[in-house]
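Have the sequence and the model side by side, and let's work through a few exercises together. Try each task yourself before reading its solution.

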Amino acid sequence: MSSQPWLYPIFHCRGYRVTKVHRDEQRLLLSIEPQPHKVCCPQCGGREVIRRGQTVRWLRNLPVGGDCTWLIATLPRVECRRCRIVRQIRPGLAEERRTYTRSFARYVLELLRYMTIKDVAVHLGVSWDIVKDIQKRHLARHYARPSLKNVRQIAIDEINVGRGYRFLTLVLDLQSGAVLFVGQGKKADSLRPFWRRLRGAKIEAVAIDMSPAYQKAVRKHLPKATLVFDRFHVVKLLNHKLTQLRRQLYRQVTDDLKKQVLKGTRWLLLKNPENLDPVKGEPRRLHEALRLNEPLATAYYLKEDLRQIWEQLGKFPARMKLLDWYHQAMASGIRVLQEFAKTLLIHSDGILAWYDYPISTGPMEGTNNKIKTMNRQHYGLRDGDFFTLKLYQLHEAKYALVG
Ligand SMILES: [Zn+2]
């Protein structure tokens with residue numbers, strides 16, 4: 001069976017000769033051994049070697065027809081006359097300690113572009129772990145360390161993954177959309193390994209929320225970068241205050257009718273007015289609630305007005321708008337609004353930095369949604385490293401996101 005060249009392209013075993021082909025059940029088994037001229041010292045490449053026993057390795061190979069195929073490789077151990085050391089010949093067609101050939105791994109990676117890990121495993125009749133292992137090794141080779149060299153604008157935010165409260169802190173490249181870093185937990189501490197990777201990076205702007213911990217960490221490690229407070233987090237904070245106010249008012253109101261009107265208005269207050277549904281009578285209900293509660297109406301209109309800060313022609317009018325908003329809120333006499341107004345003023349530089357770098361943590365939302373799709377396919381979370389690698393590769397979406 002030594003001269004059957006057509007076997008090699010089919011079975012991807014160039015450099016070997018096939019000594020036996022046989023079938024057992026659904027498997028096609030090819031016994032192979034290195035061609036004699038390939039037997040040399042793995043250390044120096046010398047041909048003058050003496051055989052000192054052998055090992056046999058079973059390697060899963062590409063399917064042929066409906067059969068899965070295995071290569072049963074007999075690999076000699078040789079003693080080199082020059083090196084005087086006995087060594088095991090490496091198979092070449094498979095990596096160390098793997099039970100599949102390189103061509104099998106390539107085929108699996110190709111299938112993973114269109115199929116989930118589970119699908120590929122079932123299709124090829126191998127375990128989920130083998131398919132995952134192939135993908136993980138591939139990811140580790142190409143994505144283990146996202147480069148920061150060309151990164152200029154980043155967003156930092158925490159996301160909630162999985163059931164319960166498991167948090168990850170992500171750093172996102174706002175230009176490419178690539179995840180640059182995945183930290184465990186949501187404290188500024190979880191960013192520590194990221195700062196260590198910054199050497200030589202030229203990051204110009206960072207979008208974060210207004211939490212003091214992030215501010216402090218970014219100022220310390222990226223002193224030259226412009227801090228931009230994410231506009232969506234600012235709006236969210238005010239929404240939170242509005243909800244708080246509504247709850248307070250609801251408790252204070254003694255009139256049953258007024259109570260009835262306030263009930264269930266929480267979401268109406270937070271909705272953008274253009275999204276209110278007239279069919280459900282939402283604009284009418286909101287209007288009624290606002291008519292009966294002056295403080296609520298004030299807060300509501302200030303909430304709507306806040307957006308104007310980001311809709312000015314430039315930084316100067318935006319600063320005027322912010323100050324105007326601040327004074328209105330302070331004059332309202334409503335405590336939660338006054339608290340918020342102070343926060344706004346203290347953070348005004350970072351808020352208005354949006355006019356220098358119109359960036360936000362918004363793109364994090366898209367990443368978060370992709371991660372949720374991954375979670376639904378319930379994989380990866382158990383293997384944190386694999387999960388991180390998947391996130392580093394996420395923006396390329398070259399392979400199926402599910403798994
Ligand atoms: Zn040698």
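**Exercise 1.** Find Val39 and decide whether Val39 is buried or exposed.

*Solution.* Start with the accessible area: Val39 has a relative accessible area of 6% and is therefore buried, where buried means under 20% relative accessible area, exposed over 50% and partly exposed in between, with a 1.4 Å probe and protein chains only. Next, place the residue: Val39 sits in the loop between S2 and S3. Helices (H or I, at least four residues) and strands (E, at least two) are DSSP runs numbered from the N terminus. Then list the neighbours: not counting residues up to four places away in sequence, Val39 touches Pro34, Arg47, Val49, Arg51, Pro76, Val78 and Ile89; contact means heavy atoms within 4.5 Å. Finally, look far away: Thr254 is 215 residues from Val39 in sequence and 94 Å from it in space, C-alpha to C-alpha.

A word on the ground rules: this is a predicted model, in which local features need pLDDT of at least 70 and side-chain atom pairs count only at pLDDT 80 or more, while totals for chains, interfaces and linings use all residues. Residues are numbered from 1 along each chain as its sequence is written, and side-chain values use heavy atoms, with hydrogens and water left out.

**Exercise 2.** Work out which strands pair with S4, and in which direction.

*Solution.* Recall that strands of a sheet pair through backbone hydrogen bonds, either parallel or antiparallel. Here, two strands pair if DSSP finds at least two bridges between them.

1. Strand S2 (residues 27–34) runs parallel to S4, with six bridges; Ser31 faces Ile72 of S4.
2. Strand S3 (residues 49–64) is antiparallel to S4, with twelve bridges, and Val49 stands opposite Cys80. S3 and S4 make a hairpin with two residues between them, and Gly65 in the turn has a positive phi of about 60°.
3. Strand S5 (residues 86–88) is also joined to S4, by three antiparallel bridges, with Gln88 as the bridge partner of Arg77. Five residues separate S4 and S5 in their hairpin, where Arg84 in the turn has a positive phi of about 65°.

Now check the covering of S4 (residues 67–80): twelve of its 14 residues are buried.

**Exercise 3.** Describe the surroundings of Tyr107.

*Solution.* Tyr107 belongs to helix H2 (residues 102–111). Its relative accessibility is 28%, so Tyr107 counts as partly exposed. Leaving aside neighbours within four places in sequence, Tyr107 is in contact with Leu62, Pro63, His123 and Leu124. Now turn to the buried residues of H2: Ser103, Phe104, Ala105, Val108, Leu109 and Leu111. The buried residues of H2 pack against S3, helix H3 (117–124) and helix H4 (128–143).

**Exercise 4.** Trace the open sheet of five strands and say which strands stand at its edges.

*Solution.* Read the order as S8-S7-S6-S9-S10, with mixed pairing. Strand S8 (179–184) and strand S10 (226–229) are the edges: each has a single partner strand, so one side of each is left without a neighbour in the sheet. From one strand to the next, the twist averages 25°. Zoom in on S6 and strand S7 (residues 166–173): eight bridges join them and they run antiparallel, with Ala155 standing opposite Leu172 in S7. Last, add helix H16 (residues 384–393), which lies across S7 and S8 and runs at about 155° to S8; axes are lines fitted to C-alpha atoms, for helices over the stretch in contact, and angles run from 0 to 180 degrees between N-to-C directions.

**Exercise 5.** Find which residues lie nearest the centre of the largest pocket, and which elements line it.

*Solution.* A pocket is, on a 1 Å grid over the protein atoms alone, an open set of points where a 1.4 Å probe fits, with protein on both sides within 12 Å along at least five of seven lines; lining residues have an atom within 4 Å of a point. The lining has 29 residues, with Asp157, Asp230, Phe232, His233 and Lys236 nearest the centre. Strand S6 (153–161), helix H7 (231–252), helix H11 (294–306) and helix H15 (363–376) each give two or more residues, and H7 gives the largest share, seven residues.
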